[in-house]
Amino acid sequence: MAWLQAVIATTGSLYFSEVMHLPPCTLCWYQRLMMYPLVFVLLVGLLTHDSRLRAYSLPFSVTGLLIAAYHNLLYYGVIPEGLTQCAAGVSCTARQIEWLGFITIPLLSLSAFTVITLSLLLSKPRGTS
C-alpha cells in the first residue's frame, strides 16, 4: 500500500508540474525530496523482503508528513505567511488547484504521506506471525 501511494503521489506531482505546468513552491520541493526516494526504497525493500524496510522508509515518510503538515497550516492561514522560506518563486500559499473547494495540492501531499506512514507503522514486519 505504501509503495503504491508513493507511486501515485510521485506521478501526480510530475503531472502537475510537467503536464499542467504548475510550478512547485519551496515546500513542495522539500516534500518531493522525501516522496521520490520512497518509490525506490519501498520497491527494493519489498522485492528483497528486507525486514528493516520501516527503518529505511519511515525517516522519509515522517519528515515528508511533518513538512506537509506545516505546509497545510501555512496554506490555510493557521501559520502566518511571514514564518516561511517561501519568499522566492511561487508562494507556498498560492491557490493553484482547489477541487471540490477544499482538495488542494498541499492536502493531497499530506494525505499521501499519512497513508504511507500509517501503512508502514501498521504493517507487520516480515518474519513475524
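## Helix α2: length and bend

The expected span of a helix is 1.5 Å times one less than its number of residues. This model is predicted, and its helix α2 can be put to that test. Helix α2 covers residues 26-47, which makes 22 residues. At 1.5 Å a residue, α2 should therefore span 32 Å. Its end C-alpha atoms lie 33 Å apart, which agrees.

Helix α2 also bends. The bend is about 30° and sits at L38.

## What α2 buries

Which residues of α2 are buried? They are T26, L27, C28, Q31, R32, M34, M35, L38, V39, L42 and G45. L38, the site of the bend, is thus among the buried residues. The cover over the buried residues of α2 includes three helices: α1 (2-19), α3 (53-75) and α4 (105-122).

T26 lies in helix α2. Its relative accessibility is 19%, and buried means under 20%, so T26 counts as buried. T26 also has a distant partner in sequence: H71 is 45 residues away along the chain. In space, the C-alpha atoms of T26 and H71 are 9.9 Å apart.

## α1 against α2

Two packed helices are described by the angle between their axes and the distance between the axes. For α1 and α2, the axes come within 9 Å. They cross at roughly 145°. The crossing is left-handed.

Which residues make this contact? From α1 come A2, W3, A6, V7, A9, T10, S13, L14 and S17. From α2 come R32, M35, Y36, L38, V39, L42, L43 and L46. By type, the contact of α1 with α2 holds 13 nonpolar residues, 3 polar and 1 charged. Several of the α2 residues here are also buried, including R32, M35 and V39.

## α2 against α4

The axes of α2 and α4 come within 12 Å. Their crossing angle is roughly 35°. This crossing, too, is left-handed.

On the α2 side, the contact uses C28, Q31, M34, M35, L38 and L42. On the α4 side, it uses I105, S109, A112, F113, I116 and L120. How do the residues of the contact of α2 with α4 divide? There are 10 nonpolar, 2 polar and no charged residues.

M35, L38 and L42 of α2 touch α1. M35, L38 and L42 also touch α4.

## L107 in α4

L107 has its place in helix α4. Is L107 buried or partly exposed? Its relative accessibility is 23%, so L107 counts as partly exposed. The cut-off for buried is under 20%.

L107 and A69 are 38 residues apart along the chain. Their C-alpha atoms are separated by 8.6 Å.

## Two loop histidines with positive phi

Most residues other than glycine have a negative phi. H21 has a positive value, near 60°. It is placed in the loop between α1 and α2. H21 is exposed, with a relative accessible area of 61%.

H49 has a positive phi as well, about 55°, although it is not a glycine. H49 follows α2 and lies in the loop between α2 and α3. Is H49 buried or exposed? With a relative accessible area of 52%, H49 is exposed. The cut-off for exposed is over 50%.

Terms used: Residues are numbered from 1 along each chain as its sequence is written. This is a predicted model: local features need pLDDT of at least 70, side-chain atom pairs count only at pLDDT 80 or more; totals for chains, interfaces and linings use all residues. Side-chain values use heavy atoms; hydrogens and water are left out. Helices (H or I, at least four residues) and strands (E, at least two) are DSSP runs, numbered from the N terminus. The bend at a residue is the angle between axes fitted to the seven residues ending there and the seven starting there. Buried means under 20% relative accessible area, exposed over 50%, partly exposed in between (1.4 Å probe, protein chains only). Contact means heavy atoms within 4.5 Å. Axes are lines fitted to C-alpha atoms, for helices over the stretch in contact, and angles run from 0 to 180 degrees between N-to-C directions. A crossing is left-handed if the near helix is turned anticlockwise from the far one by less than a right angle, and right-handed if clockwise. Ala, Val, Leu, Ile, Met, Phe, Trp, Tyr, Cys and Pro count as nonpolar, Asp, Glu, Lys and Arg as charged, and the others, Gly among them, as polar.
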